[in-house]
Amino acid sequence: MNLLARKFPSRRLLLNFEVKFKTSTVLCVKIKSNTQYREFYSPNLTKKYFINPSKSYCFESIQSRSKYTNQVEMKAQEISVPVPWGNVKCQVFGDPTKKSAKPIISIHGFLDNSNSFKPLAPYICHNDNFYIIALDLPGHGFSSKLPDGIPYTPKLFLSSVRRVIRHFGIKEFYFLCHSYGIHLSVLYSIVFKNEVKALISLDWIFSLPGYKIESYSDLWKSGIDGLIDIEDRETNNNDSAPAKTLTKDLAVSILMKYNNHLDLESAKILIDRALIVKDDGRLEFSRDIRVKQTVLMHDHYLDMAYLLPEMVKGIYVPWLMIHADPPAYGDRPAKITMDFLKKIEANSKTSIQYETFKGTHHFHMIQPKETAEIILKFIDKIKIKKTSKL
C-alpha cells in the first residue's frame, strides 16, 4: 500500500478516485469545507503543482445562497463518463472521499436534467453521510445525443446508468429518482440484483400496467415511422427561415409554458443545464427533440412491458414512495400506479413507505428542505457498505 494511503485513510480513496476517473493529467485533488482546507498530492510528484489545473477534481461542501432563491446551494463537480457515442455527464454533490459518505444515484425525469436534484443536494449531503451522483440521461442536459437514426429506449437509458455505476466502481448504493427516472431505478433493481439497497421515488406515475397492448406489430410500425417522421420534420425545420433568437429568459418562459409543475426559480435552475452555446454564439436547447417524441410513443415502453411480471415479484429492498398531492397527472394514472404498487407489495419482499406531499410534480425542487427531511428519516435506517472506488 502507498505510504500516503497508510498515513491518511482518505488518501486511499483519492488514489482510487484518480485511477477510476482516468485522471492521468490530474495530479492534485483538493477538498474544502467551511472549517478546513486539505490538499492531497500524487505520490509520484516531488513538487506540488498541476499539469492541467482545469481538470482537477474539487469537492466543495461550501454552501452559498442560490442566485435564484434564498435556498442553500451546494457546488457540484462535473464529471464526464465516456460512452461509445460520446459522454454521459454527471454532477457529484458532496464529498465521496469522506469515510462516512454513502453513494446515492439520482436519475431525473422526462426532459429534465441532473439540476433537478440541485436544490435537494445541500440538505441530503450536508453532514457528509451521503454524496449524490446525479446524471444527465443521453439526449438530456449536457450529455451527448445519440447518432441520427438511433432511437432512445429504456434499455439504452438503463445501459447508460449501468455504465456510470461501473465507471465509478460502486457496488452498493441508494436510488433517489424522480418521475421517469423511477422507471429506470425499478428496472435496474430487478436486472442488477443485490446492488440497490433502497429505492427513494419522487412522484412515480406509471400508467403502463393499465394499458392493454392489442398489437405489438402496430406499435412497432408507429415507432419506426414516428422516428422517421421526426427526423424529416427536423430536416425541414433546419431548411426553413431562422427561428426567433433564443434567450435564457425566453427559454425559461417556454419551459414554464409546457411544464406547469415548475415555479420560476426551479425553471431557471433546470434551464441552467438545458441550454448550450453554438459556435456562432446563439443559444439552443441541449435536449434531443427525438427524446420528446419517442418517449411519448407507446412503442417506447415495449422494453418495459415484458418485464412487468418481474417488477411485481423482483423488488427486495425498502422503498420510500413520495407522491404529490393533488396527483400531478390526474386521478386515473395515480390509481393505476398505486394499484401496481400494492400488487408489488403483495407479491414481493419489499416494504413500501408511502408519503404524500402537498405540492406539484416537482415538489422536491420547490420545497427541497421539507422533502429532504422525509428522505433522511427513511434512509438513515438503512445501512450499506462503502464499496465504491471514489
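Here is a walk through a predicted model, going from its aromatic rings to its helices, loops and charged pairs.

Let's start with the rings. Across the whole structure, a search turns up 12 aromatic pairs. Take Tyr188 and Phe192: their ring centres lie 4.7 Å apart, and with 40 degrees between the planes the pair comes out as tilted. The angle falls between the two cut-offs, since planes under 30 degrees apart count as stacked and those over 60 as edge-to-face. The two partners sit in unlike surroundings: Tyr188 is buried, at 0% relative accessible area, whereas Phe192 is partly exposed at 23%. Now put Trp204 and Phe206 beside them. Here the centres are 4.8 Å apart and the planes meet at 15 degrees, so this pair is stacked. Both of these rings are tucked away: Trp204 is buried with a relative accessible area of 0%, and Phe206 is buried with 2%.

Back to Tyr188 and Phe192, which have further company. Together with Phe173 and Phe175 they form one aromatic cluster. Phe192 also has a charge over its face: Arg162 lies there, 4.0 Å from the ring centre. Elsewhere there is another arrangement of this kind, with Lys292 over the face of Tyr258 at 5.4 Å from the ring centre.

Arg162 falls within the residue range of helix α4, which runs over residues 154–168, so that helix is a good next stop. Does its length add up? What span should 15 residues give at 1.5 Å a residue? The expected figure is 21 Å, and the end C-alpha atoms are indeed 21 Å apart, which agrees. The expected span uses one less than the number of residues, because that is how it is defined. As for what α4 hides, its buried residues are Pro154, Leu156, Phe157, Leu158, Ser160, Val161, Val164, Ile165, His167 and Phe168. It helps to recall that an α-helix has 3.6 residues a turn, so residues three or four places apart point the same way. Just after α4 comes Gly169, with a positive phi of about 70 degrees.Glycine isn't alone in taking a positive phi here. Ser179, in the loop between β10 (173–178) and α5 (180–191), has a phi near 55 degrees, a positive value in a residue other than glycine. Asn194 also has a positive phi, near 75 degrees, and its place is in the loop between α5 and β11 (196–202). Is each of these loop residues buried or exposed? Ser179 counts as buried, at 13% relative accessibility, while Asn194 counts as exposed, at 68%. Another backbone feature to look for is the peptide bond from Asp325 to Pro326, which is cis, with omega near 5 degrees. Pro326 is found in the loop between β14 (319–325) and α12 (331–347).

Now for the surface. Tyr216, Trp220, Ile224 and Ile228 make a nonpolar patch of about 460 Å². One of its members, Ile224, lies in helix α6, which covers residues 216–239.

That leaves the charged pairs. How many salt bridges does a search of the whole structure find? The count is 13. One of them joins Lys278 to Glu284, with the closest N and O atoms 3.6 Å apart. Lys278 counts as partly exposed at 32% relative accessibility, and Glu284 counts as partly exposed at 28%. In another, Arg282 pairs with Asp280, the closest N and O atoms being 2.8 Å apart; Arg282 is partly exposed, with a relative accessible area of 44%. Then there is Arg290, whose side chain meets that of Asp288 in a salt bridge at 2.6 Å, N to O. Here the setting is the interior by the accessibility cut-off: Arg290 is buried, and so is Asp288. Finally, look for Glu78, Asp136 and Arg273, which are linked in a network of salt bridges.

Key: Residues numbered from 1 in each chain as written. Predicted model: local features only at pLDDT ≥ 70, side-chain atom pairs only at ≥ 80, totals over all residues. Heavy atoms only, no water. Patch = residues over 30% accessible without salt bridge, like charges linked within 9 Å, V, L, I, M, F, W, Y side chains within 5 Å. Areas by Shrake-Rupley, 256 points an atom, 1.4 Å probe, with all protein chains shown as cover. Salt bridge = Lys/Arg side-chain N within 4 Å of Asp/Glu carboxyl O. Helix = DSSP H or I, 4+ residues; strand = E, 2+ residues; numbered from the N terminus. Phe/Tyr/Trp six-rings, centres within 6.5 Å; stacked < 30°, edge-to-face > 60°. Buried < 20%, exposed > 50% of the residue type's maximum accessible area, 1.4 Å probe, protein only. Lys NZ or Arg CZ within 6 Å of the ring centre and 35° of its normal.
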